[in-house]
Amino acid sequence: AARAAQLELKVQEIQAAAAERVANGANLTAPAPSHEGTYGLGRPALEEEIAAWDVDVLPDGRGLPVGSGDVWTGEEVFADRCASCHGEFAEGVDNWPVLAGGFDTLANEDPVKTVGSYWPHLSTAWDYISRSMPFGEAGTLTADETYAIVAYILYSNDLVDDDFELSNENFAEFEMYNKDGFVVDTRPETEYAEWRKEPCMENCKAESAVTMRSVFLVETPPEGGSNSVMNDATVEGLPTFTADGPSFIPAAAPKPEEEAAAEPAVQEAEETDEATELVAAGAKVFKKCKACHQVGEGAKHGTGPALNGIVGANAGSVEGFKYSKAMKAASEAGLVWTDEEMAAFLTKPKDYMKGTRMSFAGLRKPDDVEAVIVYLKSFGS
Amino acid sequence: ETPDPLITELQDWASYTGAGVDETPYGMPISYESHVVRRNVEWLTASPISSINFTPIHALDGTITPQGCAFERHHSGAIELRKEDYRLMINGLVDRPLVFTYDDIERFPRENHVYFCECAANTGMEWAGAQLNGVQFTHGMIHNMEYTGVPLRTLLQEAGADISPDKWVYVEGADASSNGRSIPMEKALDDVLVAFKANGEALRMEHGYPVRLVVPGWEGNMWVKWLRRIEVVDRAVESREETSKYTDVYADGTAQKWTWVMDAKSVITSPSPQMPIKHGPGPLVISGLAWSGHGQITRVDVSKDGGITWETARLGKQGDTKALTRFYLDTNWNGAPMLLQARAMDETGYVQPTKDQLREKRGENSVYHNNCIQTWYVSAEGIAENVEVS
C-alpha cells in the first residue's frame, strides 16, 4: 500500500511538473492530462460477456470450469484433434512442438522442452489448449475434452498411470516435474552490475581472428522469402588482425555471380509457353502449402497428405494419411477433386468443407488458384 | 573521355509525361526498390501461420520503420478485425468492469511516442555460432514507429482498478492464439500505451489493427495485437507465452522467467552481408542502429579490427528513450579487410557485451535476449560475411 501511494505520488509529480511547464509557457508538450474521476466512457461489462472472455486459468487452479477427463478418453480425443501436428504419442510432427519426453535434457546442448520436462504449471497446459488449440480450430474443445487431453499428455510423459482421471477437483494438487526450475530475471545482479563500466577503446586485446564463418549463405529472391545454402568456406585463408591491421590481404576469390550469370538467359528462352509459366507461377503459390504438403518425387505425408496425382483423384483417398471426419465423409459421398471442386476448396477451405483439418485460410486470387492446380497437375492427375 | 549519354542524350522520362496523380491511391515503393521487403526463413518454423519474418534493416536509413516492411510475428496468423467489430474489455480487480468500442478509445486523451519493438528471439539463432548471413535475418526482428495511443493507466483509472504494486495486468488478443501476457502494475502505470496508429496511419493488419498494446523497452511478445481484454489480477497468470516460451534456459538447465527488458544492443547495417561495399577504397559511410530497453542510447563505438581498437561513432540525432538511434562512422577505407563491430552504451551506463561475455553467464541454449556484439568480416573486395571472432 505504501508503494501504491508512492506510485500515485510519482504520477502526480509528473503531471504537476507538466502542468507547470504549460503554465510557464516554457514547453507546451505534456503527457495526456490526468482527470479527476472518470470520463464516463465505455459501458458496464455484462456478466455473460465477462464469462465468455474471462477464461484464463491461474496456476492455483482458479478459473477452471467443473469437469473431468481420463487418459483413455484423452488418447482418442488427442488422436482426432491433436495428433496431425503433435504425433500420436505427442512426439511432434515436422517442426511442430514435441509435447512429451525430454526429461533431464535441460542442461544438455539441445534441451528438449516439453510439457513434461519444462512447463512449471499444469494450468498453463489447460489454459492454452482450452483457448488456442487445436491450431486452426481454437476454442472448439469442451471442458471435459480439455481435461482428457491434458490427462493424456501427462500420461504420454509418464507422469501419471493409465487409470488417471484429471478434474477440477484434483487439478491444483498436481505438481509438475520442473516446478522449481525457474528463477526471476537475475540479469540486474549477474550482468548489469558488471557491465556498467567505461569500455576499453585501445589495445583491448592483442589480436582478433575469425573462429567461425556463417553456417548458411542466404539468397534473397526478388519475389520475397529466402533460400539458405550451406557455406563451405573455412576460416583458413582469412587474416588475423592486430592493432596494425590485418596480417595479409587474401587473394580475390572468383566471383560466383559472374559464372552463374549466363545460365538464367538460356532458361528464360526455354520457358516461353504459357503452360510452363503457369506451372512456375503455381510453384510460387505452392510455397504457402509447403509447411504441410509435399509434392513431386519422394513426396511424403506431413501435416497434410502428399499431393502427387491429387487433381482428378477421389477425395480422402491418399493412402496412409489420416483424414478428418469431414474429409472421410466427403470421400464416402463420392467427391472427386475436379478442377472446379479443387478451386472451390482452395478458395475458402473452411467454408467449402466444415471440419477439414486443413488450417489454411484460402487463396484469395483466382489466378493463384488456377496456377496452383496446374502446378499440382504437373505431378500427375 | 566519353560524355555520359544519360546527360547528353534526351531521356524518355525527360520528354514523355509520367504517372498521373491517382495511379496508386495508396502508394507503393517504386518498382526498383521491390527487393526491399520483409523475408522469412522457411525452415525456421512449422507453418507460415505461426512464424516470423524480418525487417529489411540493411536497406533502411534514419530510424523510423515503414509499416509495410516492419517484421511480423504471428502465433495464429494475422486476422482481419473491423473497427466496428472491435471490443475491449477491462475486468478483474476493478470497481467497474467495462467494455469499450473503438470509438470510445479515441475519446481518451492520447500521446505520441516513438518506440522500438524487438522480438525476444531477435539474434536468437546466433547463440550457437554465426548462422545466417544477413543483418535482416540476424537482427531484423525489430521495428521502430511513432505510436499514437491512450496510456494504459488512463483506462485502468476509468475502470477503478486496484493499482497496488503487487497487482498484475493480464492482456490478451482477439486472435486464435490470444497470446496472453502478464505485466506488473508498476510497468502498466508507467509508459504502456493502448495504441491505434503507427507512423500517423492506422495500424496494419499484421501489426494488430485496429488496436495493439505498446510496452516500451520490453520484449515484443508482450505488445499484444488485436488487444481485446485487460484483466487486473493478483498474480501473474503464467500463460504459455511466459513459461514454456519467452523464458531463458541457462547452461545449468535452470530457466529465467520475467526477463522482460531488452538490453542495449547495436548492429552495423551497412556494410553488411546484404550491403557489400561496391565502390572500392575511399570515403565510406559505416552505418547502423542502436537501442536500449532501459532508456536512451548515449554512445556507440565502432571497431574495424575485431575489437582491438574502437572509435566513437556520430549519432544521427540524440536518441529518444526506448527507440532506435542511428549512428554513422564516416571513414576512409584503405581497401584492406575489416572485422566490423559496433558497441552500444545506454543512459544507465550499460555497455553491450560480447558474445563470449553473454555465453559465460548464460551458456548457449538461451534462444532469447541475445544482445551480443555482432561481427562482419569485410573482404578486400568489399564482401561482408557473418563471423565470430576470438
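**Notebook: cavities, domains and cores**

I searched the whole structure for enclosed space and found four cavities of 30 Å³ or more. I note at the outset that this is a predicted model.

**Entry 1, the largest cavity.** I looked up the volume of the largest cavity, which is about 230 Å³. I then listed its lining, which holds 21 residues. B:R73, B:R212, B:G220, B:W223 and B:K225 are the closest of them to the cavity centre. I sorted the lining by character and obtained seven nonpolar, eight polar and six charged residues.

**Entry 2, B:M222.** I next examined B:M222, which sits in the loop that runs between strands β11 (212-214) and β12 (227-233) of chain B. Is B:M222 buried or exposed? I recorded a relative accessibility of 0%, so B:M222 counts as buried. Leaving out residues up to four places away in sequence, I found that B:M222 touches B:R181, B:S182, B:I183, B:L213, B:V215 and B:W260. I also checked B:M222 against B:G92: the two are 130 residues apart in sequence, and their C-alpha atoms are 19 Å apart in space.

**Entry 3, domains of chain B.** I consulted the domain assignment of chain B, which gives domain 1 as 73-251 and domain 2 as 265-387. I noted 29 Å between the C-alpha centres of domain 1 and domain 2 of chain B. For the contacts between these domains, I listed 38 residues on the side of domain 1 of chain B and 34 on the side of domain 2 of chain B.

**Entry 4, nonpolar cores.** Which residues have the most contacts inside the largest nonpolar core? I identified B:L88, B:Y147, B:L156, B:L227 and B:I230, in a core of 78 residues. Strand β9 (residues 193-198) of chain B is the element that gives the most to this core, with five residues. I traced the core across the domain assignment and found at least three residues from each of domain 1 (73-251) and domain 2 (265-387) of chain B.

I then followed one of these core residues, B:L156, in detail. With residues up to four places away in sequence not counted, B:L156 touches B:I90, B:A161, B:V169, B:M185, B:A188, B:L189, B:I230 and B:V232. Of these partners, I had already listed B:I230 among the residues with the most contacts inside the largest core. Apart from the largest core I recorded another, of 41 residues, including A:A83, A:C85, A:Y128 and A:I153.

Terms used. Residues numbered from 1 in each chain as written. Chains lettered and ligands numbered in written order. Predicted model: local features only at pLDDT ≥ 70, side-chain atom pairs only at ≥ 80, totals over all residues. Heavy atoms only, no water. Core = buried A, V, L, I, M, F, W, Y, C linked by side-chain atoms within 4.5 Å. Buried < 20%, exposed > 50% of the residue type's maximum accessible area, 1.4 Å probe, protein only. Helix = DSSP H or I, 4+ residues; strand = E, 2+ residues; numbered from the N terminus. Domains from an automatic or database assignment. Contact = heavy atoms within 4.5 Å. 1 Å grid on protein atoms, 1.4 Å probe; cavity = no way out; pocket = protein on both sides within 12 Å on 5 of 7 lines; lining within 4 Å. Points joined across faces, edges and corners; volume = space filled by probe spheres on them. Nonpolar A, V, L, I, M, F, W, Y, C, P; charged D, E, K, R; others polar.
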